[in-house]
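Trainee: Please give me a close look at one part of this model, namely the surroundings of the ligand. I should then like to see how the neighbouring description of strands and helices is built up.

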Amino acid sequence: MNMAKIFGRIGDFEEMTIRPGWTTSETTYDKVDLSVRLAPKVRLTYPFIAAAMTSVVGETMALECARNGIMAVVPTQLPIDKAAGIVSGVKRQEVKRGDLEIVNEPEIINFKGTVGDAMATYERAGHSVIPICDRCSELKGLYCHREGIPADAMGVTLAEALENAGDSANPLAGVVKPFSMRSALAGTDYCIDGTAAPEVKERISGSRNRCMPIVDNGGVLRGLAFVYKHDGYAVAGAIHTYNWEERADALVKAGADVIFIDASQGTSDYQLETLRGFKKSYPDVPICAGNVVSGGALKSTSGGPEAVDVYKALTDAGADMIKIGMGSGMICLTTDNRGVGRKILRALHDLSNAREKSGTHVPLIADGGIGTVDPDYDKRAQIKRSMRHDTRSINLSLAFADAVMMGSYFNMFDEAPAPNEPIDGKRYNQSWGEGSFKAQSLARYGLREGVRRAHIEEGIYTLVPSIGRLKPGIERSALGVAMTLSNVGAHDLSEYRQMCMIERS
Ligand code: IMP
């Protein structure tokens, strides 16, 4: 079979391990390709998707995900005009691969600071090149961070820079080779404000960094120029399986790259009706069905219960992707309160089998309980003090799924719209499930949904540690995935799904 193999009984993520394969010089972690094509015009640099949750995706999160080669799904609970406004806002700012991107007010480091200050700025902001300026914004040097090593872009070798950096309390001035207008004029590591775009691009391609500082004639920093490396800005929007038409229309008109059906149970007649109705109106817009957890589901008919082939039913109705998971989310009370759901790895294995049998390839997206671990596990805890990011669950999911959708993972970043609060000197972000009473009171449910839901809480409200900006966070996770692909010996995610062998720990 052309899919990952599992040995032994399938359990939770912490019970399973990935068997290493054979690494070649072509599959070292820096060479593997983590990109995923979800639809003909939607390619993400990393297989990560921010969940359609009001505590996770707002304007800032949607834009930051798009800028960094991943995708956020705008939640259904937001009013239609707000949701469509977020999508059109992202698309308006879109930069295409190879375009010049100018950041006018980049993050800077003060020349009087220490190496430690610069490293802290890198950790917080995630930019691999940060200009060092004096109080008058005059450029003094560039602080670079390559493979965890602080360096100077203007002529000092990495080895020298590391030696100079020594103690993080050392002054930055001792690490960087000072920028001087005279020597810089002869060099290639900067551009004077007003330089034509093609020349800036040419200089960037000839420089060691993917970026170029722009200074005026007096050496004052005017901006940083980059050549954009991702495939445009991707953003998605979610719809319900009822009263979906107006929202779908607004999202499509706003430029949504994908529409996600947001239903806790995707095995229903409503799901098929929504898929067919949507595809009739928007045949070229990719739609993701879900959520489902099994390759087959029983349906009541006049002749008695009949088994439905879930993968076939959804794809025949027009699904371009299928989202998998029920009851496994960090903030999810569905299984606790109602007994319904399935272990995510088991569900992924089952759907992956169904896909394999079908001979077609519709991307599968794993959703719920991925990307975070909570060592002091208590689902209902009001503060998840020890929750942290985790790559193991991402890697195990990607053995079957083309991409992972994560909620709590993204909730921990500064870009999440949920309020942030300090407790005992540490910062926490508020976090709530879409089925929590908190989300229900925020949302503008239709009467039918409001009445049905108000009696059963299906998601928790909690606080999760606040861990800084998205960019360094997803780059760390991507590195973790890349290292696992390298262990398995796979060039890319598709080969990884074929080669992965999983067994009980
Ligand atoms: P997480 O990544 O573990 O936080 O799980 C995120 C996923 O949980 C979402 O993409 C939804 O599928 C699901 N979810 C979001 N809100 C709720 C809820 O209130 N109850 C149950 N599941 C939820």
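**The ligand shell and its setting**

Mentor: The ligand is surrounded by 24 residues, and the closest are G329, G407, G433, G435 and G459. A residue counts as near the ligand if its C-beta atom, placed from the backbone, lies within 6 Å of it. Please bear in mind that this is a predicted model, in which local features need pLDDT of at least 70 and side-chain atom pairs count only at pLDDT 80 or more, while totals for chains, interfaces and linings use all residues. Residue numbers start from 1 along each chain, as its sequence is written.

By class, the shell around the ligand holds nine nonpolar, twelve polar and three charged residues. Here Ala, Val, Leu, Ile, Met, Phe, Trp, Tyr, Cys and Pro are nonpolar, Asp, Glu, Lys and Arg are charged, and the others, Gly among them, are polar. Two elements, β24 (403-406) and α13 (408-411), each contribute at least two residues to this shell. Such elements are DSSP runs numbered from the N terminus: helices are H or I with at least four residues, and strands are E with at least two.

Strand β24 leads us to the barrel. Eight strands close it in the order β5-β6-β15-β16-β17-β20-β21-β24, with parallel pairing; two strands pair if DSSP finds at least two bridges between them. On average, neighbouring strands of this sheet are turned by 30 degrees against each other, direction ignored. Within the barrel, β15 (residues 236-239) and β16 (residues 258-261) pair in the parallel sense over four bridges, and A236 stands opposite V258 in β16.

Two backbone details belong here. In strand β17 (residues 287-292) one finds N291, and the peptide bond from G290 to N291 is cis, with omega near -5 degrees. The loop between β15 and α7 holds N243, a residue that is not a glycine and yet has a positive phi of about 45 degrees.

From that loop we reach helix α7 (residues 245-254), whose axis comes within 8 Å of that of helix α2 (residues 80-92), with a crossing of roughly 15 degrees. Axes are lines fitted to C-alpha atoms, for helices over the stretch in contact, and angles run from 0 to 180 degrees between N-to-C directions. The two helices are therefore roughly parallel, a term for angles under 35 degrees. Their crossing is right-handed: the near helix is turned clockwise from the far one by less than a right angle. On the α2 side I80, A83, A84, V87, S88 and K91 take part, and they meet E246, R247, A250, L251 and A254 in α7; contact requires C-beta atoms, placed from the backbone, within 7 Å. This contact comprises seven nonpolar, one polar and three charged residues.

Helix α2 also meets α1 (residues 59-67): the two axes come within 9 Å and cross at roughly 35 degrees. This crossing, too, is right-handed. Here E59, A62, L63 and A66 in α1 meet I86, G89 and V90 in α2.

Finally, there is an open sheet of four strands in the order β7-β14-β13-β12, with mixed pairing. Its edge strands, β7 (100-103) and β12 (191-192), each pair on one side only. Strand β7 runs antiparallel to β14 (residues 221-227), joined by four bridges, and V103 has L224 in β14 as its bridge partner. Across β7, β12, β13 (211-215) and β14 lies helix α6 (residues 197-206), running at about 70 degrees to β14.

Note on methods:
Parallel < 35°, antiparallel > 145°, perpendicular 65-115°, else oblique. Contact = placed C-beta atoms within 7 Å.
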